[in-house]
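User: I am new to this structure and would like to understand the spaces inside the model. Please explain the terms as they arise.

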Amino acid sequence: RISREALFLGVLGILLLGVSAWIPSLDGRRYASPDETAVAIATERMASFASPRILEPLASAYPWMHPRSWVSQGSALVPVGFLGWPLLLAPFVVVAGSRVLPWLGWLFLLSSAYPLFRLLRRRFSFSASWVGVVTMFASPMVILYANRGLFPNVGLLASALWSIWALERVKETGRGAWLAALFCGLACIIRPIELVWLVPWWIWAGGRACMQKDRRICVAWALFFTILAVFFLANAFVYGHWWQIGYWLRDNTLGRVSATSHVQPSIHFFPFGIHPRNILWNIRSFFVPFLWPSVSVVVAALFVYARAQRGRFWYRELFAQHAFIVLSAWTILALLLLYGSGLYQDHVQVGAVTLANSFLRYLLPLAPLTGLAAAYLFERCAFSPTRRLIAFVAVGCVVLFGMYATCFKDDESVLTTRKELARYEQVLQQARHVLPDGSIILSERSDKIFAGFYRAV
């Protein structure tokens, strides 16, 4: 017999599934951002065994003439983002065609519910673990980027959860080393910059188990380095150097063009520097309207956790007994330092505060911490029927807020975006009746509509 609690969580899960698949269900090939469009084009070219490096005869004369998320390099255009996510998606496109592209990120993110549940289940009850999973997937960030799954941040989040669970499994049972190596390798190539916060989690989860002189461990390391080698080889073919990526490149300079790049890559550990005022502005602007339920859950969990120490000076044992708190704090700090200093002009309106802003996308790895906090609160506080009822009502409110924020809060909601994408498809089809493929189209932000068929800027 299914309990009322399980039925309630199941209904919430079904609602979240429906909302998270709203844009992929459009079954179109237009995307809402230049990043998604660039990933789609790079993936399709890899799936057809072509290079993402696109020859452009006008790249030297007009180095600015390219879609956003691309850069002119020598006599070609290359994608700005890391190549790991297109490399992962390309085999699926080879098998099932380009129509599956909007669904691949959605399925990959959805699959992360399993490792998250298994991680929580080792520490909490069945009900508390599912409360944690539902709470994580109720985050507006998770719902939005499940809909827009071509962003590599989606692949990173799923790979991180799978890798941490697999490493814990290796440490406890000695099995599944190949799975840990697979997802650690994928996380490395999807967004290498995120390793600054992810590697400490791997060390904590895997411990010394991954350093044993065992045949299975050796095979796993070989798989891991093979994935890295493929990534570096792809970089060499596309960018001219195995260590080079699009983020480090700048457009050609008129009158000085080489076969690869005329500019030495500008490498900075902090992509936007460190600007405390920008960090505070981003926190105040985006946490309050979009993430206040998540922040409230985390703060409440920390309060209950601190009280559970019963006055002991637990900070003296912080690294030994409370490593999870240290790792969570480091993850938050690292993401704020890496991305909080940027002011992202994703919207046509300067300074607009919207759910689709890049700052919130970069904070996607914090969503599992909200699920953990919710599971902990439920386990510690919901020990009577009345309190359990209050807890489930609170979970329902968090889910409803996430759905509201994603669907109705601003003009970049999934409902509005789906209508826009349908309109983009209509505009493209009308243009194809008038203009031959390969025509140059100059208009404000037209690359989302025409890229892949026209040389749109």
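Analyst: In this predicted model, the largest cavity holds about 290 Å³ of space. A search of the whole structure finds three cavities of 30 Å³ or more.

User: Why is the largest cavity called a cavity?

Analyst: The word is used because a 1.4 Å probe fits at its points but cannot get out.

User: What makes L119, L161, W201, F324 and P368 part of the lining of the largest cavity?

Analyst: A lining residue has an atom within 4 Å of a point of the space. The largest cavity has 18 such residues, and these five lie nearest its centre. α8 (152–173) gives the largest share of this lining, five residues.

User: How is the lining of the largest cavity divided by class?

Analyst: It has 15 nonpolar, one polar and two charged residues. Leu, Trp, Phe and Pro count as nonpolar, so L119, L161, W201, F324 and P368 belong to the nonpolar class.

User: What is known of the second largest cavity?

Analyst: The second largest cavity contains about 110 Å³ of space. It is lined by 15 residues, with I23, R30, Y31, P102 and N147 closest to its centre. Arg counts as charged, so R30 is charged. Eight of the lining residues are nonpolar, three polar and four charged.

User: Why is the space of about 840 Å³ called a pocket?

Analyst: The second largest pocket has that volume, and the term applies because a pocket is an open set of points. Its lining comprises 31 residues, with L302, F324, I325, S328 and L372 nearest the centre. By class, 24 are nonpolar, six polar and one charged.

Technical notes
Residues numbered from 1 in each chain as written. Predicted model: local features only at pLDDT ≥ 70, side-chain atom pairs only at ≥ 80, totals over all residues. Heavy atoms only, no water. 1 Å grid on protein atoms, 1.4 Å probe; cavity = no way out; pocket = protein on both sides within 12 Å on 5 of 7 lines; lining within 4 Å. Points joined across faces, edges and corners; volume = space filled by probe spheres on them. Helix = DSSP H or I, 4+ residues; strand = E, 2+ residues; numbered from the N terminus.
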